[in-house]
Amino acid sequence: MRDHTREVVVTGTGVCCHMGDDWPTIESALREGRPTPFARWAPAVEYHTGCQIVGIYPGELNPATLGIEKSQARFMGRAALLGLRAARLALEQARLPTREAAVVVGSGTGDVETHREVMGRLDRSSRRAKVSPTVIPRLMASTVSANLATVLGAMGPSFNATAACAGGAYNLLLAAQLIELGHVDAAIAGGVEVADIHFHVGFDAMRAYTSKDNDRPDRASRPYAADRAGFVFSEGAGVLVLETRAGAEARGAPILG
């Protein structure tokens, strides 16, 4: 039986994508049919992929912008940094103390650029000593949730589901269950994916991407059109703050859903 005193509500939202990270502006543009066109991506051009347009988050992800030390950033790949930016936005809206919160935010893989870095160093030197001791927190599949929990000082459960395109949705489900079942009163939940050439050439080889609209990025992504020709990848992060309705009302937090 569900305990209705532990109804889960949304009190914060954070989004980062190729349209930026100001959600009201993004929402307005989408409702008015003014999406930001995709752009040519240099790695795709270099490797002559069929689809050469990608959505890239245009914002800064440096330590100063994200409010972290350079020593912390060394443990974080682009997905963790992007997830942190989205989480900061969601927490700012929710005004939620993070200490007791769960963190259930993940990506479909560890940081691919770190895999390339490690392999490059080993190929050049064949010596373990040339590999940075910070690579494991970037390589592991739980890199986003682990790094967010560390940076935000969250002491609740920290993990994530890896389920391809459904990963973010499962993370929301798992976070909501933790709250409903009384394990935690609040959670930061969502998903992140970033552009990397390994996945790009893989999807391109599957012919999942459109290859007809490199010169028309304004119309390339049209999944519901009769003449749709495949999808266009765009990196991004979406994070929600979830908590009990009782907790949100006690704090006077905005209940968004």
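This tour moves from the whole chain to the nonpolar cores and then to one helix.

**Before selecting anything**

The model is predicted, so to read it note that local features need pLDDT of at least 70, side-chain atom pairs count only at pLDDT 80 or more, and totals for chains, interfaces and linings use all residues. Residues are numbered from 1 along each chain as its sequence is written, and side-chain values use heavy atoms, with hydrogens and water left out.

**Whole chain**

Display the protein as a cartoon: eleven helices and six strands appear. These elements are DSSP runs numbered from the N terminus, helices being H or I of at least four residues and strands E of at least two. The C-alpha trace spans about 55 × 55 × 35 Å along its principal axes. A compact globule of 257 residues would have a radius of gyration near 18 Å, and the 19 Å of the protein agrees with this; the radius is taken over C-alpha atoms, and the rule is 2.2 Å times the number of residues to the power 0.38.

Next, colour by accessibility. Buried residues (under 20% relative accessible area, 1.4 Å probe, protein chains only) make up 43% of the 257 residues. Of the contacts (heavy atoms within 4.5 Å) between residues at least 6 apart in sequence, 73% join residues at least 24 apart.

**The largest nonpolar core**

Select Ile68, Leu82, Leu84, Val105, Leu148, Ile188 and Val192, the residues with the most contacts inside the largest nonpolar core, which has 34 residues. Such a core is a set of buried Ala, Val, Leu, Ile, Met, Phe, Trp, Tyr and Cys residues joined through side-chain atoms within 4.5 Å. Two or more residues each come from helix H5 (78-94), strand E4 (102-106), helix H8 (143-152), strand E5 (186-193) and strand E6 (236-244). H5 gives the most, with eleven residues.

Centre on Ile68. Leaving aside neighbours within four places in sequence, Ile68 is in contact with Pro63, Ala73, Met76, Leu81, Leu84, Arg88 and Val151.

**The second core**

Now select Trp41, Cys51, Ala195 and Ala220, which are among the twelve residues of a second, separate core.

**Helix H8**

Finally, isolate H8, where eight of the ten residues are buried. These are Thr143, Val144, Ser145, Asn147, Leu148, Ala149, Val151 and Leu152. Show the surroundings as well: the buried residues of H8 pack against helix H4 (70-73), H5, E4, helix H7 (135-139) and E5. Stop at Gly153, just after H8, which takes a positive phi of about 70°.

Technical notes
Buried < 20%, exposed > 50% of the residue type's maximum accessible area, 1.4 Å probe, protein only.
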